[in-house]
Amino acid sequence: MNDPQLGAGHVTRPALSRGTVLLLAVVCGAAVANIYYAQPLLPVISKAFGVSEGAGGLVVTASQIGYAISLALVVPLGDVLERRRLVSVLLGLSALALLGAAVSPSIGPLYAAVALVGVTSAVAQIVVPMAASLASDHERGTVVGTVMSGLLIGIMLARTVAGVLAQYGDWRLVFVFAALVMVVLAVVLRLVLRAMPPSGSTPYPQLLRSVWTLVRTESLLRRRMALAAVGMGCFTVLWTASSFLLAGPRYEYGPAAIGMFGLAGVVGAVAAVAAGRFADRGRGRQVATTGLILLTSSWGVLALAGTGGPGGLIALVVGIMALNLAQQALLISHQSVLYRRIPQARSRVTTALMVASFAGSTVSSALVSALYPIVGWAGVCALGAVIALIGVGIWTLELLRPSPSEPLSDLSGPLSDPSGPLSDPPGPLSDPSARLFHSAAPFPTPRSSFPALRRPFPTLRRPLPTPRRLRPPLGNRSPAPRRPPLPTWASNPPRPRKAGARARRSQLMPEIRRVAILDDYQQAAHQYADWSTLPEGARLTVFTEHLGGPDEVTAALEPFDVIVAMRERTAFPAGVLDRLPNLRLLVTTGPANAAIDLAAAERDGILVSGTRPAGLTPTAELTWGLIHALTRSLPTEDAGLRRGGWQRTVGRELHGRRLGVIGLGNVGTRVARVGLAFGMDVVAWSAHLDPRRATALGVTPLGKEELLATSDVVTLHVPLSPRTIGLLGREELALMRPDALLINTSRAPVVDEAALLAALTSGALGGAALDVHSAEPLPADSPWRDAPRTVLTPHLGYVTDATYEVFYRDALDDVLAYAAGRPVRVLAP
């Protein structure tokens, strides 16, 4: 299947080498260390410039403000700029800002210099999503954890390095040293790391707005932002105040000794890797819960550090270890969940998450600087405990009232590329047959998460459709009067049932009794979602074969009140919906389904919910599989080899040949880029093609006739619509060269099948590869089964593990949300 307008899908990547992961961890740690070098130097800097401890503490505040600004304005560029170059440039600018701090003549210029250091140090938050993008699915949490461990070690060792250099040299030497490290890393990164093309080309203002869109539409992201602010707030309270405590009269330590306490925080690096591994296994919520408990309890231990002496030192070291462990585990939990959920906007997710983190850090730093001279260490510990308890409250509310749009097991799936229209119209359906698979027993936990793309859907904010009235039998009734919409979900009265049926519950908490999953050819529904979590008493039936035409569909589905449909495999026009009197919720996989009459569903009081988009990248990948199968005669050679033969055909090289792409949308663009990588001359046409965009991609825009007449391979990537039906008819096919190849992973009606079959049979066309068919499943007597020079696949474009995981998990989520009275992803006519 070709879903040309859907968001990006899952991409399988080779595992990252350990050396690359370590390099990214070092870059991340060194970059973020720049804003923490000043923390153990605050007493020295305050004394050097003759200012109070409060004014000296504002050096940290200035760097945090710069960091927050960069997170909001610079980090999102990681989604639209080549990231290796972006990181290298930022490292160079960071070196210049650090040198400016080293030569600052007074506290004012130092504030400005460290603020600029904060702006450029956000390179760390570009590296983390970059590492997540480079990682393969099964190792993403571990890779993110390793890179984050580098970040934490950088933060901790920054204090140690700064303390030692200031003790035996001068505080200015610290910033000179940091500048040299930035220059070295910029050169090494440029030489070692390959270029990383951006995931999109969104204009900068729209890019910044899309961050707010993500925050506004994603409740999971908002909650994790609040918790990130809490964790970083506690972290900053500890490390800002501990410098004053250790330099004060109870301990009277110098900068070197103060910096050595940073080594205690390195234990958090263990948490980073371990938390990532747990997140890979779907235990993100357990990690977050444990982290919050540890975060809160650590302040009780830290309060004892104010007593001084050996006991106070032990309490301080233990408290530092516990708090850093907790904060880092929380952060990794947030990132792992959100990166899997929103893979194509990871830099923007990082922006939202880190802006919240460092907003909490900035506020906490300012509070500590103002309060420490007044309330001392004990008061600061009380402040930290209050902040941690706020986090416990937020997390408790989430556990009690989870968002319907979040996978309930916390095996988070994926989120989205915010660009591109949505459409995925169906082809005709046929071939009746039915076989049922029943199970009432609990099902095994779904497999580990495979990231795919997600488009955020807002929670329902309009009244649900008015329930249908009782109707006389079809063919013997007049249209029933429309009932005006009611103002709220709770005010919708129950839909009347057939005589003798027991009354259902209030619509505020609908009772679900019969659930059907349709067209599960691979029996995959139970592999990708835990359907045992359906409401108690709900009976699940899985149809593993296509039901057939309208009569077979209505006969089989009449008892069900919830139906889960796989794309457009089964159509639901008005005539079918009217004959399903018990149906209350119809879930379609994907964000749109032209095989469902949404107006009829709304009229009949049937709620229709969708899922997040998926399947874009797999369709592009399949397209190239079909191209290779045709150009190298792979099916023929495979069959010949199995019969004892050897080398029956001579293949065609792709390099230097012309690839014609009809429809340069999301899928077409990906197909075109691969063609360019093969050294092909790529040309494109569509009814609304933007020549400037095509040229920017390296693609030559042509007229449709010229494209057909000159291309060696023509591939179709357009949605089905009245404008595209019959796009390639007999006349258009006649324009193609006799040795040309046609690839269709779009929709069967886009091509006149009779004309195409005639062209292949007569030798007027070199070959065709088809993933879509006018009748699906393909009938046993279809002439296409014997068509010459063809490669046929059974609509596999979207059939991948990543897509199925998004589809089935979201479908289950839709059902549970409906049962809870909070429907999500509602589709309107």
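**Exercise 1. How many bridges join strand β4 to β5, and which way do the two strands run?**

Before the solution, the basis of the work should be stated: this is a predicted model, in which local features need pLDDT of at least 70 and side-chain atom pairs count only at pLDDT 80 or more, while totals for chains, interfaces and linings use all residues. Residues are numbered from 1 along each chain as its sequence is written, and side-chain values use heavy atoms, with hydrogens and water left out.

Solution. Begin with the elements themselves: strands (E, at least two residues) and helices (H or I, at least four) are DSSP runs, numbered from the N terminus. Two strands pair if DSSP finds at least two bridges between them. Strand β4 (residues 562–565) is joined to β5 by four bridges, and the two run parallel. Within β5, T588 is the residue that stands opposite A565.

**Exercise 2. Follow the chain from β5 to strand β6 and describe the unit that results.**

Solution. First take the pairing: β5 and β6 (residues 607–609) run parallel and are joined by three bridges, with L607 of β6 as the bridge partner of L585. Next take the connection, in which β5, helix α19 (residues 598–603) and β6 make a right-handed β-α-β unit; right-handed means that, with the strands pointing away from the viewer, the path from the first strand over the helix to the second runs clockwise.

**Exercise 3. Is T588 buried or exposed, and which residues does T588 touch?**

Solution. Buried means under 20% relative accessible area, exposed over 50% and partly exposed in between (1.4 Å probe, protein chains only). T588 counts as buried because its relative accessibility is 0%. Its strand, β5 (residues 585–588), is covered on both faces, with L585 and V587 buried on one side and L586 and T588 buried on the other. Leaving aside residues up to four places away in sequence, the contacts of T588 (heavy atoms within 4.5 Å) include A565, R567, S609 and L827.

**Exercise 4. Check the length of helix α10 and state how far α10 is covered.**

Solution. The expected span of a helix is 1.5 Å times one less than its number of residues. For the 29 residues of α10 (residues 219–247) this rule gives 42 Å, and the end C-alpha atoms are 43 Å apart, which agrees. As for covering, 25 of the 29 residues of α10 are buried, so that the helix is mostly covered.

Terms used: Contact means heavy atoms within 4.5 Å.
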